[in-house]
Amino acid sequence: MISLQSYPSMTDYLKSGLYKWAGDARSFDKEGPYIELVTSPNNPDGFVRHSMVNRTGGILVHDLAYYWPQYTPISSAADHDLTLFTVSKATGHAGTRIGWALVKDPEVAKKMIKFIELSTIGVSRDSQLRAARILEVIINSSQNPGGPESGESFFKISYHFMAERWQLLREAVNKGRFFSLPDFQQGFCQFLNQVSQPQPAFAWLKCEDEGVEDCESLLRGHKILTRGGRSFGVGPKYVRVSMLDRDHNFNLFLKRLASIQT
Ligand SMILES: Cc1ncc(COP(=O)(O)O)c(C=O)c1O
């Protein structure tokens with residue numbers, strides 16, 4: 001399965017003379033240097049992932065866009081050579097277009113900075129200020145939950161919010177046999193200091209009904225827009241559904257999903 005379908009298209013678009021997209025890391029067996037992208041929790045299915053290419057000579061890039069307490073138990077501090085984050089999944093501010101990286105090798109970090117400089121001619125200052133303020137509020141709310149300025153911990157509120165949505169979705173799915181969802185193992189979250197449940201930003205929904213070949217088309221017929229499994233190198237029985245839409249849309253989605261099963 002391909003994590004994040006835009007990685008292959010981005011790689012191809014660059015037409016790099018050095019690197020080409022080589023497909024799923026599980027079946028990668030070529031000689032020579034390589035870069036492995038590890039997306040954990042994974043987009044689209046939400047499972048925790050580890051590196052798959054079992055040899056030296058490669059660079060690992062960990063995409064931890066969804067490694068936040070509202071989506072997955074924080075089992076340990078992220079301590080990889082190169083780790084990517086984005087404010088879009090941490091807090092939902094996708095339009096700010098800001099991400100950040102933790103990079104151990106200063107030479108690699110310098111090259112990344114140069115690349116950003118050349119490809120953006122400088123990241124929007126407005127966005128930088130906005131992202132800095134967002135992160136400040138979140139850090140304050142987490143360090144001083146309930147304090148006069150900070151309000152409740154952002155991550156606790158978000159955890160409960162996601163838990164409620166996943167419960168509602170599982171209830172809707174379990175009313176019939178038409179669909180199924182992945183089962184996740186709970187784990188101890190070091191950040192929330194409690195056992196917590198994986199509750200991904202996307203639901204990886206499967207049409208179990210034998211008469212349905214293409215789940216995306218079936219759902220589109222019921223005015224539910226999803227991304228089909230083919231975009232991720234998987235069969236059309238699967239679709240990816242966003243769990244982060246506004247309340248109104250999420251409730252409509254549940255209603256329409258329930259109507260298919262009756
Ligand atoms: C795994 C993963 N990484 C990175 C991104 C990039 O996020 P953005 O472009 O919103 O910063 C996404 C967005 O869908 C994602 O799913």
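**Disulfide link and ligand surroundings**

The link between Cys 207 and Cys 215 is right-handed, with 60 degrees about the S-S bond. In this predicted model, the two cysteines are joined through their sulfur atoms at an S to S distance of 2.3 Å. The structure holds one disulfide. Both partners of the bond lie in the interior by the accessibility criterion, under which a residue is buried if its relative accessible area is under 20%. Cys 207 has a relative accessible area of 1% and is therefore buried. Cys 215 likewise counts as buried because its relative accessibility is 0%. A further cysteine, Cys 189, is also buried, with a relative accessible area of 0%.

The surroundings of the ligand were examined next. Ten residues lie around the ligand, and Asp 63, Tyr 66, Thr 86, Ser 88 and Lys 89 come nearest. By class, this shell consists of three nonpolar, four polar and three charged residues.

Polar side-chain atoms approach both nitrogen and oxygen atoms of the ligand. In the side chain of Asp 63, an N or O atom is 2.5 Å from a nitrogen atom of the ligand. For Asn 43, a polar side-chain atom lies 2.8 Å from a ligand oxygen atom. Tyr 66 also places a polar side-chain atom by an oxygen atom of the ligand, at 2.6 Å. Taken alone, the ligand exposes 390 Å², of which the protein buries 76%.

Terms used: Residues are numbered from 1 along each chain as its sequence is written. This is a predicted model: local features need pLDDT of at least 70, side-chain atom pairs count only at pLDDT 80 or more; totals for chains, interfaces and linings use all residues. Side-chain values use heavy atoms; hydrogens and water are left out. A residue is near a molecule or strand if one of its heavy atoms lies within 4 Å of it. A polar contact is a pair of N or O atoms within 3.5 Å; within protein, one must be able to donate a hydrogen and the other to accept it, and residues adjacent in sequence count only if both atoms are side-chain atoms. Accessible areas come from the Shrake-Rupley method with a 1.4 Å probe; for residues, only the protein chains shown count as cover. Ala, Val, Leu, Ile, Met, Phe, Trp, Tyr, Cys and Pro count as nonpolar, Asp, Glu, Lys and Arg as charged, and the others, Gly among them, as polar. A disulfide is a pair of cysteine sulfur atoms within 2.5 Å. Buried means under 20% relative accessible area, exposed over 50%, partly exposed in between (1.4 Å probe, protein chains only).
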